[in-house]
Amino acid sequence: MKKSIFYHAGCPVCISAEHDIVTLIGAEHVEIIHLGNDRSKIAEAEKAGVQSVPALVMPHGNVLHINFGASMEDVKK
């Protein structure tokens, strides 16, 4: 099974959502990408449809925007 990808920017909202996602679906089923630490992944996240973080991109391409931590424009700054 292909993994889901969880994108976040490291804010408290994102960290809390990360812990919940890992608890819910298991660390073995999700790749965690911290866009503040790995800025090279910003374009990948946007191409996948991520408009704000935290967001979970499902294996079939659906994007679940979870709560609201920051817009992608804020992440790029």
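The exercises below, each with a worked solution, concern a predicted model.

**Exercise 1. Salt bridges**

Determine how many salt bridges the structure holds, and which side chains form them.

Step 1. The count is three.

Step 2. One pair joins glutamate 44 to lysine 41, with an N to O distance of 3.6 Å. Glutamate 44 is partly exposed, at 32% relative accessibility, and lysine 41 is also partly exposed, at 24%.

Step 3. Another pair joins lysine 76 to glutamate 46, at 2.9 Å from N to O. Lysine 76 belongs to helix α3 (residues 72-76) and glutamate 46 to helix α2 (residues 42-48), so this salt bridge ties together parts that lie 30 residues apart in sequence. Both ends are partly exposed: lysine 76 has a relative accessible area of 37%, and glutamate 46 has one of 31%.

Step 4. Lysine 76 also meets the side chain of glutamate 73, at 3.2 Å from N to O. These two residues are three apart in helix α3, which puts about one helical turn between them.

Step 5. Lys76 takes part in the pair with Glu46 and in the pair with Glu73. Glu46, Glu73 and Lys76 are thus listed as a linked network of salt bridges.

**Exercise 2. Cysteines 11 and 14**

Decide why the sulfurs of cysteine 11 and cysteine 14 do not count as bonded.

Step 1. A disulfide is a covalent bond between the sulfur atoms of two cysteines.

Step 2. The cut-off applied to a pair of cysteine sulfur atoms is 2.5 Å.

Step 3. The cysteine sulfur closest to that of cysteine 11 belongs to cysteine 14, and at 3.2 Å it is too far for a bond. Cysteine 14 is accordingly in no disulfide, and the structure holds zero disulfides.

Step 4. The two residues can also be described by accessibility. Cysteine 11 is partly exposed, at 21%, whereas cysteine 14 is buried, at 0%.

**Exercise 3. Nonpolar cores**

Describe the largest nonpolar core and state which elements supply it.

Step 1. In soluble globular proteins, nonpolar side chains tend to be buried together.

Step 2. The largest core here has 14 residues. Those with the most contacts inside it are Tyr7, Leu35, Ala45, Val50, Val53, Met72 and Val75.

Step 3. At least two residues of this core come from each of β1 (4-8), α2, β3 (52-57) and α3. Strand β3 gives the most, with three residues.

Step 4. Take valine 75 as an example. Beyond its neighbours within four places in sequence, valine 75 is in contact with Ala9, Leu35, Arg39, Ile42, Val53 and Ala70.

Step 5. A second, separate core has five residues, among them Phe6, Ala17, Ile21 and Leu56.

**Exercise 4. Strand β1 and its surroundings**

Work out how β1 and β2 pair, and which unit they make with helix α1.

Step 1. Strand β2 covers residues 30-34, and β1 pairs with it in the parallel sense over five bridges.

Step 2. One bridge can be named: histidine 8 has histidine 34, in β2, as its partner.

Step 3. Helix α1 spans residues 12-25, and together with β1 and β2 it makes a right-handed β-α-β unit.

Step 4. Serine 4 is a residue of strand β1. Serine 4 is buried, with a relative accessible area of 4%.

Step 5. Residues up to four places away in sequence aside, serine 4 touches Ile25, His29, Val30, Glu31, Leu56, Val57, Met58 and Pro59.

**Exercise 5. Valine 13**

Place valine 13: is this residue buried or exposed or in between, and which residues are in contact with it?

Step 1. Valine 13 lies in helix α1.

Step 2. The relative accessible area of valine 13 is 31%, and the limits are under 20% for buried and over 50% for exposed, so this residue is partly exposed.

Step 3. With neighbours within four places in sequence left aside, the contacts of valine 13 are Pro54, Asn67, Phe68 and Gly69.

Step 4. For a separation along the chain, compare valine 13 with lysine 77. The two are 64 residues apart in sequence, and their C-alpha atoms are 18 Å apart in space.

How values were computed. Residues numbered from 1 in each chain as written. Predicted model: local features only at pLDDT ≥ 70, side-chain atom pairs only at ≥ 80, totals over all residues. Heavy atoms only, no water. Salt bridge = Lys/Arg side-chain N within 4 Å of Asp/Glu carboxyl O. Buried < 20%, exposed > 50% of the residue type's maximum accessible area, 1.4 Å probe, protein only. Helix = DSSP H or I, 4+ residues; strand = E, 2+ residues; numbered from the N terminus. Core = buried A, V, L, I, M, F, W, Y, C linked by side-chain atoms within 4.5 Å. Contact = heavy atoms within 4.5 Å. Pairing = 2+ DSSP bridges. Right-handed = clockwise from strand over helix to strand, strands pointing away.
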